[in-house]
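Grab a coffee and work through these exercises with the model open beside you. Each task comes with a step-by-step solution.

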Amino acid sequence: MPEPSDTAAETAAATPAATSGASIELENLTKRYPGNPNPSVDNVSMEIKAGETVIFVGPSGCGKSTTLKMINRLIEPSSGRIRINDEDVTDIDPVKLRRKVGYAIQSSGLFPHMTVAENIALVPKMVGWSKSKVKDRVEEMLDLVGLDPREFHGRYPRQLSGGQQQRVGVARALAADPPVLLMDEPFGAVDPITRDHLQDELIRLQHELHKTIVFVTHDFDEAIKLGDRIAVLRERSHIAQFDTPEAILTNPADDFVSGFVGAGAALKRLNLTRVRDVEMADVPTVTVDDPLQSIFNKLRSGPHNELLMLDRRGRPYKWLRRGDLMRAKGSLARAGQLVHDTVTRDATLHDALEAVLIDSGGRVAVTGRRGEYIGVVDMETLMNSVHELLEADRLAAIEHQHDLEETRHHLTEQELEGADGGADG
(Lines give C-alpha, C1' and ligand atoms only; values in the text may rest on other atoms or scores of the structure.)
Protein backbone atom coordinates (compact mmCIF):
# COMPACT_ATOMS: atom_id res chain seq x y z
CA MET A 1 0.00 0.00 0.00
CA PRO A 2 1.62 3.30 -1.03
CA GLU A 3 2.40 5.89 1.64
CA PRO A 4 -0.06 8.83 1.52
CA SER A 5 1.47 11.93 -0.02
CA ASP A 6 2.50 14.63 2.44
CA THR A 7 0.65 17.48 0.79
CA ALA A 8 -0.13 20.70 2.61
CA ALA A 9 -3.85 20.02 2.29
CA GLU A 10 -3.51 16.53 3.73
CA THR A 11 -1.35 17.80 6.57
CA ALA A 12 -3.94 20.39 7.50
CA ALA A 13 -6.71 17.79 7.42
CA ALA A 14 -4.81 15.02 9.21
CA THR A 15 -3.02 17.02 11.89
CA PRO A 16 -5.14 19.96 13.01
CA ALA A 17 -3.50 22.62 15.16
CA ALA A 18 -4.93 21.09 18.32
CA THR A 19 -8.36 19.59 18.71
CA SER A 20 -10.04 20.72 21.89
CA GLY A 21 -12.77 18.78 23.67
CA ALA A 22 -16.21 17.81 22.37
CA SER A 23 -19.50 17.75 24.23
CA ILE A 24 -20.94 14.32 25.07
CA GLU A 25 -24.61 13.57 25.61
CA LEU A 26 -25.92 10.23 26.88
CA GLU A 27 -29.65 9.81 26.42
CA ASN A 28 -31.49 6.92 28.13
CA LEU A 29 -28.43 4.70 27.72
CA THR A 30 -29.19 1.10 28.73
CA LYS A 31 -27.26 -2.18 28.60
CA ARG A 32 -28.93 -5.57 29.07
CA TYR A 33 -27.14 -8.90 28.96
CA PRO A 34 -28.92 -12.15 28.00
CA GLY A 35 -29.99 -14.23 30.99
CA ASN A 36 -29.88 -11.31 33.43
CA PRO A 37 -33.35 -9.98 34.35
CA ASN A 38 -31.95 -6.61 35.44
CA PRO A 39 -30.03 -4.24 33.14
CA SER A 40 -26.34 -3.64 33.98
CA VAL A 41 -26.84 0.01 33.05
CA ASP A 42 -30.34 1.39 33.31
CA ASN A 43 -31.60 4.45 31.44
CA VAL A 44 -28.62 6.78 32.06
CA SER A 45 -28.87 10.35 30.78
CA MET A 46 -26.03 12.83 31.19
CA GLU A 47 -24.55 15.90 29.51
CA ILE A 48 -20.78 16.45 29.61
CA LYS A 49 -19.41 19.81 28.50
CA ALA A 50 -16.62 20.22 25.95
CA GLY A 51 -13.23 20.38 27.68
CA GLU A 52 -14.57 19.07 30.98
CA THR A 53 -13.08 16.30 33.12
CA VAL A 54 -15.91 14.14 34.48
CA ILE A 55 -15.24 11.32 36.92
CA PHE A 56 -17.47 8.25 37.31
CA VAL A 57 -17.11 6.93 40.86
CA GLY A 58 -19.09 4.17 42.49
CA PRO A 59 -18.88 0.73 44.11
CA SER A 60 -17.54 -2.28 42.22
CA GLY A 61 -20.10 -3.71 39.83
CA CYS A 62 -22.22 -0.56 39.67
CA GLY A 63 -21.81 -0.29 35.88
CA LYS A 64 -19.41 2.66 35.66
CA SER A 65 -16.92 0.92 33.31
CA THR A 66 -19.78 -0.44 31.19
CA THR A 67 -21.17 3.09 30.83
CA LEU A 68 -17.73 4.40 29.85
CA LYS A 69 -17.20 1.67 27.24
CA MET A 70 -20.57 2.39 25.65
CA ILE A 71 -19.36 5.92 24.79
CA ASN A 72 -16.85 4.51 22.27
CA ARG A 73 -19.02 1.41 21.71
CA LEU A 74 -16.50 -1.12 22.92
CA ILE A 75 -19.75 -2.31 24.51
CA GLU A 76 -22.80 -1.81 22.31
CA PRO A 77 -25.78 -0.15 24.04
CA SER A 78 -29.00 -2.15 24.13
CA SER A 79 -30.93 1.10 23.75
CA GLY A 80 -30.45 4.85 24.03
CA ARG A 81 -28.38 7.42 22.13
CA ILE A 82 -24.85 8.79 22.31
CA ARG A 83 -24.05 12.20 20.84
CA ILE A 84 -20.56 13.66 20.51
CA ASN A 85 -20.56 17.34 19.49
CA ASP A 86 -24.25 16.90 18.64
CA GLU A 87 -23.46 14.07 16.19
CA ASP A 88 -25.38 10.87 16.91
CA VAL A 89 -22.65 8.21 16.94
CA THR A 90 -24.91 5.32 17.94
CA ASP A 91 -25.30 4.10 14.36
CA ILE A 92 -21.94 4.98 12.75
CA ASP A 93 -19.10 2.48 12.21
CA PRO A 94 -17.79 1.74 15.73
CA VAL A 95 -14.21 1.28 14.46
CA LYS A 96 -14.21 4.79 12.96
CA LEU A 97 -15.70 6.11 16.19
CA ARG A 98 -12.91 4.56 18.28
CA ARG A 99 -10.28 6.25 16.14
CA LYS A 100 -11.80 9.59 17.17
CA VAL A 101 -11.94 8.72 20.87
CA GLY A 102 -8.76 8.15 22.90
CA TYR A 103 -8.87 5.22 25.32
CA ALA A 104 -6.51 4.49 28.23
CA ILE A 105 -6.90 1.53 30.60
CA GLN A 106 -5.33 0.03 33.70
CA SER A 107 -1.88 -1.50 33.09
CA SER A 108 -1.60 0.66 29.93
CA GLY A 109 -2.74 -2.03 27.45
CA LEU A 110 0.38 -1.56 25.30
CA PHE A 111 1.16 -4.17 22.66
CA PRO A 112 4.22 -6.03 24.05
CA HIS A 113 5.67 -6.91 20.62
CA MET A 114 5.71 -3.25 19.52
CA THR A 115 8.19 -0.57 20.53
CA VAL A 116 7.04 2.54 22.38
CA ALA A 117 7.11 4.50 19.11
CA GLU A 118 5.11 1.83 17.26
CA ASN A 119 2.49 1.75 20.00
CA ILE A 120 2.03 5.53 19.90
CA ALA A 121 2.01 5.60 16.07
CA LEU A 122 -0.75 3.01 15.77
CA VAL A 123 -3.85 5.18 15.34
CA PRO A 124 -2.19 8.02 13.35
CA LYS A 125 -1.03 5.38 10.84
CA MET A 126 -4.51 3.84 10.69
CA VAL A 127 -6.10 7.18 9.83
CA GLY A 128 -3.58 7.82 7.07
CA TRP A 129 -1.03 10.25 8.47
CA SER A 130 2.23 10.44 6.49
CA LYS A 131 5.45 8.88 7.80
CA SER A 132 7.03 12.23 8.59
CA LYS A 133 3.95 13.47 10.45
CA VAL A 134 3.68 10.22 12.44
CA LYS A 135 7.37 10.44 13.39
CA ASP A 136 7.00 14.06 14.53
CA ARG A 137 3.83 13.21 16.45
CA VAL A 138 5.49 10.32 18.32
CA GLU A 139 8.28 12.62 19.49
CA GLU A 140 5.78 15.33 20.42
CA MET A 141 3.67 12.88 22.44
CA LEU A 142 6.64 11.42 24.33
CA ASP A 143 7.79 14.93 25.16
CA LEU A 144 4.27 15.86 26.23
CA VAL A 145 4.06 13.04 28.80
CA GLY A 146 7.55 13.77 30.14
CA LEU A 147 9.54 10.96 28.49
CA ASP A 148 12.74 11.70 26.52
CA PRO A 149 12.05 10.61 22.90
CA ARG A 150 15.70 9.66 22.33
CA GLU A 151 15.70 7.40 25.38
CA PHE A 152 12.27 5.75 25.05
CA HIS A 153 11.54 5.69 21.29
CA GLY A 154 12.92 2.19 20.66
CA ARG A 155 12.15 0.51 23.99
CA TYR A 156 9.60 -2.26 24.45
CA PRO A 157 6.89 -2.13 27.15
CA ARG A 158 8.65 -4.80 29.23
CA GLN A 159 11.64 -2.43 29.54
CA LEU A 160 9.53 0.28 31.19
CA SER A 161 8.37 0.80 34.77
CA GLY A 162 4.65 0.71 35.50
CA GLY A 163 4.47 4.50 35.60
CA GLN A 164 6.34 4.84 32.30
CA GLN A 165 3.99 2.32 30.66
CA GLN A 166 0.98 4.36 31.81
CA ARG A 167 2.53 7.53 30.37
CA VAL A 168 3.01 5.80 27.02
CA GLY A 169 -0.57 4.54 27.24
CA VAL A 170 -1.81 8.12 27.64
CA ALA A 171 0.48 9.27 24.79
CA ARG A 172 -0.97 6.58 22.53
CA ALA A 173 -4.54 7.55 23.46
CA LEU A 174 -3.81 11.19 22.56
CA ALA A 175 -1.65 10.55 19.47
CA ALA A 176 -4.33 11.13 16.81
CA ASP A 177 -5.49 14.27 18.65
CA PRO A 178 -9.00 13.02 19.58
CA PRO A 179 -11.42 15.48 21.19
CA VAL A 180 -12.50 12.85 23.76
CA LEU A 181 -10.33 10.76 26.09
CA LEU A 182 -11.86 7.83 28.01
CA MET A 183 -9.84 6.50 30.96
CA ASP A 184 -10.83 3.30 32.78
CA GLU A 185 -9.03 3.17 36.15
CA PRO A 186 -5.78 4.00 34.30
CA PHE A 187 -3.65 4.48 37.44
CA GLY A 188 -5.10 1.66 39.52
CA ALA A 189 -2.20 -0.78 39.07
CA VAL A 190 0.74 1.44 40.08
CA ASP A 191 2.19 2.28 43.49
CA PRO A 192 0.79 5.29 45.42
CA ILE A 193 3.74 7.65 44.74
CA THR A 194 3.73 6.91 41.00
CA ARG A 195 -0.03 7.28 41.00
CA ASP A 196 0.21 10.77 42.51
CA HIS A 197 2.73 11.79 39.86
CA LEU A 198 0.57 10.39 37.04
CA GLN A 199 -2.46 12.25 38.38
CA ASP A 200 -0.42 15.48 38.44
CA GLU A 201 0.73 14.79 34.88
CA LEU A 202 -2.86 14.32 33.70
CA ILE A 203 -3.88 17.62 35.34
CA ARG A 204 -0.97 19.38 33.60
CA LEU A 205 -1.85 17.80 30.25
CA GLN A 206 -5.47 18.85 30.57
CA HIS A 207 -4.37 22.44 31.24
CA GLU A 208 -2.53 22.35 27.92
CA LEU A 209 -4.92 20.29 25.78
CA HIS A 210 -8.49 21.01 27.01
CA LYS A 211 -9.81 17.59 25.97
CA THR A 212 -13.07 16.14 27.21
CA ILE A 213 -12.04 13.45 29.68
CA VAL A 214 -14.33 10.79 31.14
CA PHE A 215 -12.49 8.91 33.87
CA VAL A 216 -13.59 5.86 35.89
CA THR A 217 -12.28 5.25 39.41
CA HIS A 218 -13.41 3.67 42.68
CA ASP A 219 -11.19 6.09 44.64
CA PHE A 220 -13.12 9.16 45.79
CA ASP A 221 -9.93 11.06 46.66
CA GLU A 222 -8.73 10.58 43.07
CA ALA A 223 -12.14 11.79 41.84
CA ILE A 224 -11.87 14.97 43.93
CA LYS A 225 -8.34 15.64 42.74
CA LEU A 226 -9.00 15.20 39.01
CA GLY A 227 -12.63 16.05 38.35
CA ASP A 228 -14.33 19.26 37.25
CA ARG A 229 -17.51 17.32 38.07
CA ILE A 230 -18.07 13.94 39.69
CA ALA A 231 -20.89 11.50 38.94
CA VAL A 232 -21.46 9.33 42.01
CA LEU A 233 -23.14 6.19 40.65
CA ARG A 234 -25.33 3.64 42.42
CA GLU A 235 -25.98 0.16 41.05
CA ARG A 236 -26.96 0.00 37.36
CA SER A 237 -25.21 3.40 36.97
CA HIS A 238 -28.12 5.31 38.47
CA ILE A 239 -26.79 8.81 39.23
CA ALA A 240 -26.87 9.58 42.96
CA GLN A 241 -25.27 13.00 42.51
CA PHE A 242 -23.59 14.75 39.58
CA ASP A 243 -21.89 17.93 40.72
CA THR A 244 -18.61 19.71 41.42
CA PRO A 245 -16.24 18.22 44.02
CA GLU A 246 -16.86 21.26 46.26
CA ALA A 247 -20.64 20.80 46.14
CA ILE A 248 -20.45 17.06 46.85
CA LEU A 249 -18.08 17.59 49.80
CA THR A 250 -20.17 20.42 51.23
CA ASN A 251 -23.67 19.10 50.49
CA PRO A 252 -23.78 15.36 49.74
CA ALA A 253 -27.20 14.47 48.27
CA ASP A 254 -27.93 11.56 50.62
CA ASP A 255 -26.41 8.91 52.90
CA PHE A 256 -25.11 6.91 49.93
CA VAL A 257 -23.05 9.89 48.71
CA SER A 258 -21.99 10.73 52.28
CA GLY A 259 -20.60 7.20 52.52
CA PHE A 260 -18.33 7.94 49.56
CA VAL A 261 -17.23 11.28 50.95
CA GLY A 262 -16.38 9.62 54.25
CA ALA A 263 -14.92 11.38 57.28
CA GLY A 264 -12.72 14.46 57.14
CA ALA A 265 -14.41 16.41 54.35
CA ALA A 266 -12.38 19.53 55.23
CA LEU A 267 -9.13 17.61 54.81
CA LYS A 268 -10.39 16.09 51.57
CA ARG A 269 -10.81 19.65 50.33
CA LEU A 270 -7.02 19.86 50.34
CA ASN A 271 -7.37 17.85 47.13
CA LEU A 272 -9.18 20.80 45.54
CA THR A 273 -6.38 23.34 45.98
CA ARG A 274 -3.21 23.17 43.90
CA VAL A 275 0.31 24.04 44.94
CA ARG A 276 0.32 26.72 42.23
CA ASP A 277 -2.50 28.50 44.13
CA VAL A 278 -0.51 29.08 47.33
CA GLU A 279 2.43 31.33 48.09
CA MET A 280 5.78 29.57 47.97
CA ALA A 281 8.55 30.14 50.47
CA ASP A 282 11.77 31.85 49.40
CA VAL A 283 14.78 29.60 49.86
CA PRO A 284 18.24 30.50 48.47
CA THR A 285 19.69 28.17 45.84
CA VAL A 286 23.14 27.28 44.57
CA THR A 287 24.31 24.89 41.86
CA VAL A 288 26.70 21.95 41.92
CA ASP A 289 29.18 24.05 39.93
CA ASP A 290 29.35 26.93 42.44
CA PRO A 291 32.64 27.21 44.37
CA LEU A 292 32.51 25.92 47.93
CA GLN A 293 33.49 29.31 49.36
CA SER A 294 30.68 31.17 47.58
CA ILE A 295 28.17 28.58 48.85
CA PHE A 296 29.54 28.99 52.37
CA ASN A 297 29.34 32.81 52.12
CA LYS A 298 25.75 32.71 50.82
CA LEU A 299 24.59 30.54 53.68
CA ARG A 300 26.52 32.41 56.36
CA SER A 301 25.37 35.87 55.28
CA GLY A 302 21.68 35.09 54.67
CA PRO A 303 18.76 34.74 57.11
CA HIS A 304 18.22 31.07 56.24
CA ASN A 305 20.00 28.21 57.97
CA GLU A 306 19.80 26.02 54.86
CA LEU A 307 19.88 26.33 51.09
CA LEU A 308 18.97 24.11 48.16
CA MET A 309 21.61 22.87 45.75
CA LEU A 310 20.45 22.34 42.15
CA ASP A 311 22.01 20.00 39.60
CA ARG A 312 23.28 21.15 36.19
CA ARG A 313 19.72 20.96 34.77
CA GLY A 314 18.29 23.16 37.52
CA ARG A 315 16.64 20.28 39.41
CA PRO A 316 16.64 19.98 43.23
CA TYR A 317 19.58 17.86 44.32
CA LYS A 318 20.58 18.45 47.97
CA TRP A 319 19.56 20.41 51.03
CA LEU A 320 22.63 21.99 52.69
CA ARG A 321 22.75 23.33 56.25
CA ARG A 322 25.49 25.41 57.87
CA GLY A 323 26.74 22.41 59.82
CA ASP A 324 27.07 20.41 56.58
CA LEU A 325 29.43 23.03 55.19
CA MET A 326 31.54 22.98 58.34
CA ARG A 327 31.96 19.23 57.90
CA ALA A 328 32.49 19.40 54.12
CA LYS A 329 36.30 19.92 54.38
CA GLY A 330 36.68 21.08 50.82
CA SER A 331 34.15 18.70 49.21
CA LEU A 332 30.35 18.62 49.16
CA ALA A 333 30.21 15.06 47.80
CA ARG A 334 29.03 13.56 51.08
CA ALA A 335 27.62 16.68 52.70
CA GLY A 336 23.94 17.54 52.90
CA GLN A 337 20.70 15.65 52.48
CA LEU A 338 19.63 14.35 49.08
CA VAL A 339 16.24 15.54 47.84
CA HIS A 340 14.10 12.39 47.73
CA ASP A 341 10.68 13.86 47.10
CA THR A 342 9.34 16.87 45.19
CA VAL A 343 5.87 18.02 44.13
CA THR A 344 4.78 19.75 40.94
CA ARG A 345 2.77 22.97 40.64
CA ASP A 346 -0.24 20.81 39.71
CA ALA A 347 0.02 18.65 42.83
CA THR A 348 -2.68 19.15 45.43
CA LEU A 349 -2.12 20.57 48.89
CA HIS A 350 -2.89 17.06 50.17
CA ASP A 351 0.10 15.72 48.20
CA ALA A 352 2.28 18.56 49.47
CA LEU A 353 1.19 17.99 53.08
CA GLU A 354 2.09 14.29 52.86
CA ALA A 355 5.53 15.16 51.43
CA VAL A 356 6.15 17.81 54.11
CA LEU A 357 5.09 15.50 56.96
CA ILE A 358 7.60 12.80 56.00
CA ASP A 359 10.40 15.31 55.38
CA SER A 360 12.71 15.94 58.33
CA GLY A 361 12.97 19.62 57.44
CA GLY A 362 9.21 20.20 57.14
CA ARG A 363 9.31 21.50 53.55
CA VAL A 364 9.19 20.20 49.99
CA ALA A 365 10.65 21.57 46.76
CA VAL A 366 8.23 22.42 43.95
CA THR A 367 9.25 21.58 40.38
CA GLY A 368 8.13 22.38 36.85
CA ARG A 369 7.46 20.20 33.85
CA ARG A 370 11.13 19.22 33.34
CA GLY A 371 11.79 18.74 37.03
CA GLU A 372 13.31 22.23 37.29
CA TYR A 373 13.16 24.00 40.64
CA ILE A 374 10.40 26.60 41.10
CA GLY A 375 10.06 27.17 44.85
CA VAL A 376 9.39 25.58 48.24
CA VAL A 377 6.20 24.87 50.17
CA ASP A 378 6.58 24.59 53.93
CA MET A 379 4.40 23.54 56.87
CA GLU A 380 3.42 27.11 57.77
CA THR A 381 1.97 27.73 54.30
CA LEU A 382 0.03 24.48 54.38
CA MET A 383 -1.33 24.99 57.89
CA ASN A 384 -2.55 28.47 56.94
CA SER A 385 -4.37 26.94 53.96
CA VAL A 386 -5.94 24.23 56.16
CA HIS A 387 -7.17 26.90 58.60
CA GLU A 388 -8.68 28.88 55.71
CA LEU A 389 -10.51 25.79 54.44
CA LEU A 390 -11.82 24.94 57.91
CA GLU A 391 -13.02 28.52 58.39
CA ALA A 392 -14.75 28.44 54.98
CA ASP A 393 -16.46 25.17 55.96
CA ARG A 394 -17.54 26.65 59.31
CA LEU A 395 -19.06 29.72 57.64
CA ALA A 396 -20.79 27.55 55.03
CA ALA A 397 -22.27 25.37 57.79
CA ILE A 398 -23.56 28.45 59.68
CA GLU A 399 -25.12 29.81 56.48
CA HIS A 400 -26.71 26.43 55.71
CA GLN A 401 -28.12 26.22 59.25
CA HIS A 402 -29.51 29.73 58.91
CA ASP A 403 -31.21 28.81 55.61
CA LEU A 404 -32.75 25.70 57.22
CA GLU A 405 -34.10 27.74 60.15
CA GLU A 406 -35.60 30.33 57.77
CA THR A 407 -37.28 27.58 55.75
CA ARG A 408 -38.61 25.93 58.92
CA HIS A 409 -39.92 29.27 60.20
CA HIS A 410 -41.61 29.98 56.85
CA LEU A 411 -43.31 26.54 56.84
CA THR A 412 -44.50 27.02 60.44
CA GLU A 413 -46.04 30.39 59.52
CA GLN A 414 -47.86 28.79 56.56
CA GLU A 415 -49.20 26.00 58.80
CA LEU A 416 -50.44 28.53 61.36
CA GLU A 417 -52.12 30.60 58.66
CA GLY A 418 -53.81 27.44 57.36
CA ALA A 419 -55.00 26.53 60.86
CA ASP A 420 -56.42 30.03 61.40
CA GLY A 421 -58.23 29.85 58.08
CA GLY A 422 -59.77 26.53 59.05
CA ALA A 423 -60.94 27.86 62.45
CA ASP A 424 -62.59 30.90 60.80
CA GLY A 425 -64.45 28.58 58.44
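Start with burial: a residue is buried under 20% relative accessible area, exposed over 50%, and partly exposed in between (1.4 Å probe, protein chains only). This is a predicted model, where local features need pLDDT of at least 70 and side-chain atom pairs count only at pLDDT 80 or more, while totals for chains, interfaces and linings use all residues. Residues are numbered from 1 along each chain as its sequence is written, and side-chain values use heavy atoms, with hydrogens and water left out.

**Exercise 1.** Classify Met 379 by its accessibility, then place it in the fold.

*Solution.* Step one: the relative accessible area of Met 379 is 25%, so this residue is partly exposed. Step two: Met 379 belongs to helix H16, residues 379-424. Helices here are DSSP runs of H or I with at least four residues, strands are runs of E with at least two, and both are numbered from the N terminus. Step three: list the contacts, meaning heavy atoms within 4.5 Å. Ignoring neighbours within four places in sequence, Met 379 touches Leu 353, Val 356, Leu 357 and Gly 362. Step four: take a long ruler, and you'll find 45 Å between the C-alpha atoms of Met 379 and Lys 100, which are 279 residues apart along the chain.

**Exercise 2.** Do the same for Leu 202: is it buried or exposed?

*Solution.* First, Leu 202 has a relative accessible area of 6%, so it counts as buried. Next, its home is helix H8 (residues 192-209). Its contacts, again without neighbours up to four places off, are Met 183, Phe 187, Ile 213, Phe 215 and Leu 226. Finally, Val 343 sits 141 residues away from Leu 202 along the chain, with 14 Å between the two C-alpha atoms.

**Exercise 3.** Which residues does Thr 348 touch, leaving out those up to four places away in sequence?

*Solution.* Locate it first: Thr 348 is in the loop between strand E15 (342-344) and helix H15 (349-357). Then check its cover: a relative accessible area of 0% makes Thr 348 buried. Now collect the partners: Asp 200, Lys 225, Leu 270, Asn 271, Thr 273, Arg 274 and Val 275.

**Exercise 4.** Take the positive-phi residues Arg 73 and Arg 236, and work out where each one sits.

*Solution.* Begin with Arg 73, whose phi is about 60° although it isn't a glycine. Its loop runs between helix H2 (64-71) and strand E4 (79-84), and at 7% relative accessibility Arg 73 is buried. Arg 236 also has a positive phi, near 60°. This one lies in the loop between strand E9 (229-233) and strand E10 (239-243), and its 24% relative accessible area makes Arg 236 partly exposed.

**Exercise 5.** Over which rings do Lys 31 and Arg 229 lie?

*Solution.* Set the criterion: NZ of Lys or CZ of Arg must be within 6 Å of the ring centre and within 35 degrees of the ring normal. Lys 31 lies over the face of Tyr 33, at 5.1 Å from the ring centre. Arg 229 lies over the face of Phe 242, with 4.1 Å to the ring centre.

**Exercise 6.** Zoom out and describe the whole chain.

*Solution.* Count elements: 16 helices and 17 strands. Get the extents: the C-alpha trace spans about 100 × 75 × 40 Å along its principal axes. Then tally burial: 44% of the 425 residues count as buried. Last, sort the contacts with a separation of 6 or more: 63% of them join residues 24 or more positions apart.
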